[in-house]
Amino acid sequence: MDLSLYFVTGRELLPPGKALQGGVTAVQIREKNSDTLEFLDIARQSKILCMKYNVPLIINDRIDIALAVQANGVHLGQTDMPVHVAKTLLPTGMVIGVSCNNMDHVRKAIEDGVDYIGIGAVWGTTTKELTNPIIGVRGVGSLLQALDGTFIKAVAIGGITSSTVLRTLHGSVSPSGHRLDGIAVVSQIAASATPRSAAQRLKDSFEAWVHGFDVQNQTVQVYDVETIKNGVVELLQVIRDKNPLIHQITNVVVTNQSANATLALGASPIMATASEEMHDLSRIPGALLINFGTITDKDSMILAGKYANEAQKPVVFDPVGVGATQFRKTTASELLNTWQASVIKGNPGEMAALANSKEVQAKGVDSVGSGFADPASFIRELARKERCVAVMTGPTDWVSDGTTVIKLDNGRKILGDITGSGCLVGTCVATFCAGASLLATALGTNPGTESEKLVRGNMLIGAVGGVLALTVAAECAAERIDVHGSGTFLPALIDELYNLKPDTLLSRAKVHVL
């Protein structure tokens, strides 16, 4: 059964006729407020329509109705008839699906041998009163991984729309590479004035994303040191030629020096925080940096990230001090479930907090302890989990896209003696990621062929470039005779970013590919 566009409807919603014309691949009739005779009539009419378009019909909850109309399957909730009982009543070959909200539900579904599971709710929804907590996009992956080695399919449900579908599909992939088999949709089709077009847009988005996912898995890029260094130098030139706009919602402590670092690299900073500006700014070529060292603009952070994803712009997330308070942890989770970060950058304590690891602890915005025993494996797994490039800063910097791990050994200890040195790394990473995005456009890539992506350009090279730019500049600044301490180091650092040359990057960069 093709579950790629699974339409859930009922009497109070739009009949499925036009939606079927738009590419719906399965229909579930959900009637919670109808008596048996009404439900039977609705199911019979729906069966006629579904047969006309060769689309399977699934009945929610009511096994008697499913049998009466010879439906293709039934869908059972956690409080409906148990699967093992349903199997004794249903004929061989009738599909059984089950709603799942947590790992216990999934394990029971596997034990019962169901054909598919519906995972949700992924987003908030008004079409059904929720009795379980919202899972969030990032919560789907672990449930999918439990299905590894089985033939059970999975669809996500709950608040999925044309504006959230790519975020849902991309972010739901498990660390093992297990993806969704489909999306279950209610109001995006049912409440649309043009249900056929609404269904077609969702189907097209799903198919484009699956195609891109398969292609990416078949063509893993292999990096070497020379390729990485040359890629970074190329991005530096793009930044200085194109002057991208780097929109920064950032820590108030570092606003001025972050803006100066952006200018020194050749980009243009804007420190805008009003929610009314977020959409317009997202349409200007460049990148978005969200640093929540001082969390006062959460609504703007949410909007900015959503709009940047829609525009395929890089989003760099710097979760400053995320392990310090429950509020920061909750906020980080909300942001990362709403939009897809292209790069997440943090110190070991911050990255450990995001990964729910106790191996490294944090004190305020700083890490404490000696770090991870195996930083390469940690950063690779975090990148896989978050479906982005992960950057872990420290005496040694680690960068990974979930496959390749790059170790960087530039920098000077004095960087840690100035306020916001980590925030400056985020600024530089966002600037180089903007360069990577602009380079992808300059190479003539047709945006229409990349409609399945949430960001364009090589974010791994962008992240490495940002880290190298700051750490190499720090080495040059620390060696100057006019630098006597942290007070003279900061302006010298901005000078060295301004005067950074390709040859300097190539000769000084200490890059190791693992």
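## A tour from ring to pocket

Start by selecting Phe317: its relative accessibility is 0%, and it counts as buried (buried means under 20% relative accessible area, exposed over 50% and partly exposed in between, with a 1.4 Å probe and protein chains only). Before you go on, note that this is a predicted model, in which local features need pLDDT of at least 70 and side-chain atom pairs count only at pLDDT 80 or more, while totals for chains, interfaces and linings use all residues. Residues are numbered from 1 along each chain as its sequence is written, and side-chain values use heavy atoms, with hydrogens and water left out.

**Stop 1: the aromatic rings**

A pair of aromatic rings is described by the distance of the centres and the angle of the planes. There are five aromatic pairs in the structure. Here rings of Phe, Tyr and Trp (its six-membered ring) pair if their centres lie within 6.5 Å; planes under 30 degrees apart count as stacked, over 60 as edge-to-face and the rest as tilted.

Select Tyr6 and Tyr116 together. Their pair is tilted, with 5.7 Å from centre to centre and 55° between the planes. Tyr6 belongs to strand β1 (residues 5–9) and Tyr116 to strand β6 (residues 116–119), so this pair ties together parts that are 110 residues apart in sequence. Helices (H or I, at least four residues) and strands (E, at least two) are DSSP runs, numbered from the N terminus. Tyr6 is buried at a relative accessible area of 2%, and Tyr116 is buried too, at 1% relative accessibility.

Now go back to Phe317 and add Trp339: the ring centres are 5.6 Å apart and the planes stand at 80°, so the pair is edge-to-face. Phe317 is in strand β12 (residues 315–318), and Trp339 is in the loop between α14 (326–338) and β13 (343–346), so the pair ties together parts that are 22 residues apart in sequence. Trp339 is buried, with a relative accessible area of 0%.

Add Phe292 to the selection, and you have a cluster: ring pairs link Phe292, Phe317 and Trp339. Then show Arg328, whose charged end sits over the ring of Phe292, 6.0 Å from its centre (a charge sits over a ring if NZ of Lys or CZ of Arg is within 6 Å of the ring centre and within 35 degrees of the ring normal).

**Stop 2: the cavity**

Rolling a probe the size of a water molecule over the atoms shows where empty space is left. On a 1 Å grid over the protein atoms alone, a cavity is a set of points where a 1.4 Å probe fits but cannot get out, and a pocket is an open set with protein on both sides within 12 Å along at least five of seven lines; lining residues have an atom within 4 Å of a point. Grid points are joined across faces, edges and corners, and a volume is the space filled by probe spheres set on the points.

The structure has one cavity of 30 Å³ or more, and the largest cavity has a volume of about 40 Å³. To see its lining, select His247, Met278, Leu281, Ser282, Leu288, Ala304, Ala308 and Lys313. Two elements, α12 (278–282) and α13 (298–310), give two or more residues to this lining. The largest share, three residues, comes from α12.

**Stop 3: the largest pocket**

Next, find the largest pocket, with a volume of about 1,600 Å³. It is lined by 49 residues, and the closest to its centre are His170, Gln216, Asp401, Lys453 and Gly457. Colour α9 (195–218), which gives the most to this lining, with seven residues. Domain 1 (5–218) and domain 2 (225–513) both give residues to the lining, so the pocket lies between them; the domain bounds come from an automatic or database domain assignment.

**Stop 4: backbone details**

Most residues other than glycine have a negative phi, and most peptide bonds are trans. Select Gly120 and Ala121: the peptide bond that joins them is cis, with omega about 0°. Ala121 sits in the loop between β6 and α6 (137–145).

Move on to Gln312, which is not a glycine but has a positive phi of about 60°. Gln312 is in the loop between α13 and β12 and is buried, with a relative accessible area of 12%. Finish at Asn356, where phi is also positive, near 60°. Asn356 lies in the loop between α15 (348–354) and β14 (361–363), and at 66% relative accessibility Asn356 counts as exposed.
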